Amino acid sequence: MFHDNKAVRLRKEVLARVARAFFTAQPDDTLNRIPLTMRPKGAKDSSRCCIYKDRVVLKYRSMAALGFSVESETDELKPVSAYFAEALQRKTPTLPVLTVIDEACSACVTTCYTATNACKGCLARSCESVCPKDAIEFRNGKAWLNPDQCVNCGLCMKACPYHAIIRIPIPCEEACPVGAITKDPETGRETIDHTKCTYCGKCLTECPFAAISDLSQMVDVLQRLQEGNAVAMIAPSIIGQLPGTLPQLISALETLGFSSVIEVAEGAEETTLHESAEWAEKISEGERFITTSCCPAYIETVEKHLPEMRPFVSDTPTPMAYTASKVRKIAPEAVTVFIGPCIAKRVEAAKNPDVDYVLTFEELGAMLVGADIDVFECREAMDRPTPSREGRGFAASSGVTHAVKAVAPGNAALEPLLVNGLDTKTIRQMSLWATKSCPGNFVEVMSCEGGCISGPGSMGNPRLVKKQLDELLKNSPPLRSKPISTYRLTNIDLNGTVSRITGEFFNESTGTQNSRSTDA
Amino acid sequence: MKKVTVSICTGTTCYLMGGAHLLTINERLDPSTLDSVEFKGAHCLGLCSNESNGKPPFVKVNEHLVSDATLNKVLDAIRKELKEIQHVS
């Protein structure tokens, strides 16, 4: 599906309106009016049967934008403002991170094959001949597929010379790599099985009715920003996701209320160094291969669907984990906020006490809109530490491989394999690698095709983003050229936690943080 | 020769609402007409503050305002302006 469509725009509009309401004098009234403002009396552009149904769906969208599962509703009369009040009281973000807006789900028909009126009722009738179940009848001279007999084998579709037989899929079920979203047989609407869901977000981007939503932590963060000690940890994939340059965006974040901003690319350097060391060690010990560990949707996939892969997943902490662990050590009281393109990172964060909140780029965009901050008008933040090309390269598919290759000792022996996007096929393939043989010894896994830059919470155009990223990488120093002393290399203890602190993180930030770092 | 001026608003609102994707427009334009079109990186045009202007993202093609802009809407507007230029000359 083309990812700048009306459904996506509607979802973002709700986010922006909720964020804007936060900054108004009467947020309650503004919030309660969102459905009416977006579908006013007499509006001609209802996307469903009528504006009244649209308004109900918009109310549920607002609920999700405030971080509440639509499934959790107990009182239909409860206004959006009441959810807002609850969100402000909330101490920790809510799980699960995905919700189905059942009123918005159009209850697509079960995946099936059907004959269209392009059927000519030809003499050959090869559809009838190939059907193993005798499911094709001819009614009024045209083919008709009997749903009681059809087994969805698709042979008739392939046989028809007129392309008159089509397959009607269910987009969300089709997109889900692990069969976690299925129909409720009673209502026909989709439900998510959270024991199977990997939170990759593919259903969210593929549903043409935008019926699947993530639970936003936007309001939680906006509230905590007022405490004045929030640290923004920006993912390498932030390049090109918002207007303006990276230094402008950093000062936009400071204007929004973050006390300091750190590029997770610096944590990615740690991941690179440790992962390459781990790879060399494990291969020398006779292990067949290792896989990367930085993609949280992949980790969920291994946990829930690929247990045979577990021994091969690298123990190296993710760039987010390294970054957050450092921030905690330097500033234990800080509110840590990871900002990235990823929904599954919320699940990773829930398991990591060092990360308090996770925002998507979309949410960050909405928050900047709400606070009336134009990134292009912001000054450029000065004297920032420059993360290396390898660390920043984590943003796109094959970036981790390049990074590990660049620092791996004896890198000639590295035989990389790339899983660029998880789907049913690649998952099956990986299962074979784990149980039988693997054609490489270093497997990079990205749940999203193209890598993080095309994540479900991204906002930029993936192609333009890739161009901007390549440009940035050209102008970033290689990791090897960095003085090794600033890294104070490799002291991971057995629990995988970092036992050292680099002082360089907070080089340019506020004095308080620096003094804390000397305390630490 | 007179050129068609295209200003794609890159204010945060427009960028969020799909302006980011509109920046690929030069790839969609007929190469022979590329010389007659000038793309201007526009700072926020300030149009989103007034709802009567319509919905973001906004694009200005000469004096013509495209709201709730999509690649196709903008391409249409550019072609229309190009025709007028050819008509005059």
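The points below comment on the predicted model of chain A, moving from the whole chain to two of its residues.

1. Overall dimensions. Chain A has a radius of gyration of 25 Å, and this agrees with the value near 24 Å that a compact globule of 520 residues would have. The C-alpha trace, taken along its principal axes, spans about 85 × 65 × 40 Å, which the reader may wish to keep in mind when turning the model on screen.

2. Secondary structure and domains. The chain contains 21 helices and 15 strands, and its domain assignment divides it into three parts, of which domain 1 is written as two segments, 6-107 and 172-216. Domain 2 covers 112-168 and domain 3 covers 219-519. Between the centres of domain 1 and domain 2 of chain A, taken over C-alpha atoms, the separation is 38 Å.

3. Packing and surface. Of the 520 residues in chain A, 55% count as buried. Among contacts with a sequence separation of 6 or more, 73% are made by residues 24 or more positions apart. The chain exposes about 22200 Å², and carbon and sulfur atoms supply 54% of that area.

4. A:Lys304 and its surroundings. This lysine is found in helix H13, which runs over residues 296-305 of chain A. Is A:Lys304 buried or exposed? Neither word applies strictly, because its relative accessible area of 29% falls between the 20% limit for buried and the 50% limit for exposed, and A:Lys304 is therefore partly exposed. Once neighbours within four places in sequence are left aside, A:Lys304 is in contact with A:His194, A:Thr195, A:Lys196, A:Cys197 and A:Tyr199. With one of these residues there is also a short approach, since the side chain of A:Lys304 reaches the backbone oxygen of A:Cys197 at 2.7 Å. By way of a further reference point, A:Glu278 is 26 residues from A:Lys304 in sequence, and their C-alpha atoms are 24 Å apart in space.

5. A:Arg384 and its surroundings. The loop that holds A:Arg384 lies between helix H16 (361-370) and helix H17 (389-392) of chain A. This arginine counts as buried because its relative accessibility of 17% is under the 20% limit. Which backbone oxygen lies 2.7 Å from a polar atom of the A:Arg384 side chain? The oxygen in question belongs to A:Val261.

6. The two residues side by side. A:Lys304 is partly exposed, whereas A:Arg384 counts as buried. For A:Lys304 the backbone oxygen reached by the side chain is that of A:Cys197, and for A:Arg384 the backbone oxygen lying 2.7 Å from a polar side-chain atom is that of A:Val261.

Notes: Residues numbered from 1 in each chain as written. Chains lettered and ligands numbered in written order. Predicted model: local features only at pLDDT ≥ 70, side-chain atom pairs only at ≥ 80, totals over all residues. Heavy atoms only, no water. Helix = DSSP H or I, 4+ residues; strand = E, 2+ residues; numbered from the N terminus. Buried < 20%, exposed > 50% of the residue type's maximum accessible area, 1.4 Å probe, protein only. Contact = heavy atoms within 4.5 Å. Polar contact = N/O pair within 3.5 Å; in protein donor to acceptor, adjacent residues only side chain to side chain. Domains from an automatic or database assignment. Rg over C-alpha atoms; globule rule 2.2 N^0.38 Å. Areas by Shrake-Rupley, 256 points an atom, 1.4 Å probe, with all protein chains shown as cover.
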